[in-house]
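Here are some notes for a colleague who will look at the pockets, one helix and the salt bridges. Please read them beside the coordinates.

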Amino acid sequence: MNKIAVYPGSFDPITNGHIDVVKRSLKFLDKIIIAVSTFPRKNFLFTVEERMNFIKEIFKNEKRVEVDSFNGLLVDYMKKKGVNIIIRGLRAISDFEYEFQMALTNRKMNRDVDTVFLMPGEEFFYVSSTLVKEIAKLKGYISCFVPEIVEKALKEKFNY
Ligand code: PNS
């Protein structure tokens, strides 16, 4: 039986922390579907195509990574894909409440769905897309937080 999971998120943009979570999950999964949310809950900096293209480029040599997008409820998307496992990264305790709420709500909506939390490496504990965008906006140093392709795109976006 193939072990497949969905890793959903905004990925606006993908950071080294997300990449670390994907790599860790591939130690026990046969395939991971990175599902980029298009639901406009936030003001996205990058379009869904841009966010997906970064991820595709980063994992272009990893056949076990599929990149997709979804609109609407995550549980509906998962049913369509026939996948019951969600992967999420858990950094500090501050993430816990939000993640706990989402995991239980998703399970309430579909009792077959479970969420597996992975801790990124300590060096990525404090990395967040929101902070990276803020630093980039203020023309700060971002190369330790994001892969080169994202760094380049952020620098173009904020003209530095
Ligand atoms: O990277 P993020 O922004 O923390 O990811 C949040 C995401 C996209 C996983 C979550 O908002 C989501 O699943 N949105 C899809 C709509 C949905 O199913 N909402 C109910 C979640 S309990």
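1. A pocket, as used here, is an open set of points on a 1 Å grid over the protein atoms alone, where a 1.4 Å probe fits and protein lies on both sides within 12 Å along at least five of seven lines, and its lining residues have an atom within 4 Å of a point. Grid points are joined across faces, edges and corners, and a volume is the space filled by probe spheres set on the points. The second largest pocket holds about 160 Å³ of space, and its lining consists of Asn43, Leu45, Thr130, Lys133, Glu134, Lys137 and Phe158.

2. This is a predicted model, in which local features need pLDDT of at least 70 and side-chain atom pairs count only at pLDDT 80 or more, while totals for chains, interfaces and linings use all residues. Residues are numbered from 1 along each chain as its sequence is written, and side-chain values use heavy atoms, with hydrogens and water left out.

3. The largest pocket encloses about 1,100 Å³ of space. Its lining has 39 residues, of which Gly9, Arg41, Arg88, Tyr98 and Met102 are the closest to its centre. Among the elements that give two or more residues to this lining are β1 (4-9), α1 (16-25) and β4 (85-89), where helices (H or I, at least four residues) and strands (E, at least two) are DSSP runs numbered from the N terminus. The largest share, 8 residues, comes from α4.

4. The lining of the largest pocket divides into 17 nonpolar, 14 polar and 8 charged residues. Here Ala, Val, Leu, Ile, Met, Phe, Trp, Tyr, Cys and Pro count as nonpolar, Asp, Glu, Lys and Arg as charged, and the others, Gly among them, as polar. For the second largest pocket the division is 2 nonpolar, 2 polar and 3 charged.

5. Helix α1 is mostly covered, with 8 of its 10 residues buried (under 20% relative accessible area; exposed is over 50%, and partly exposed lies in between, with a 1.4 Å probe and protein chains only). Within α1, Asp20 and Arg24 meet in a salt bridge at 2.7 Å, N to O, the term meaning a side-chain nitrogen of Lys or Arg within 4 Å of a carboxyl oxygen of Asp or Glu. The two are 4 residues apart, so about one helical turn separates them; Asp20 is buried at 13%, whereas Arg24 is partly exposed at 28%.

6. The whole structure has 13 salt bridges. One of them joins Lys157 and Glu50, with the closest N and O atoms 3.8 Å apart; because Lys157 lies in α6 and Glu50 in α2, the pair ties together parts that are 107 residues apart in sequence. Lys31, Glu66, Asp68 and Lys81 are linked in a network of salt bridges.
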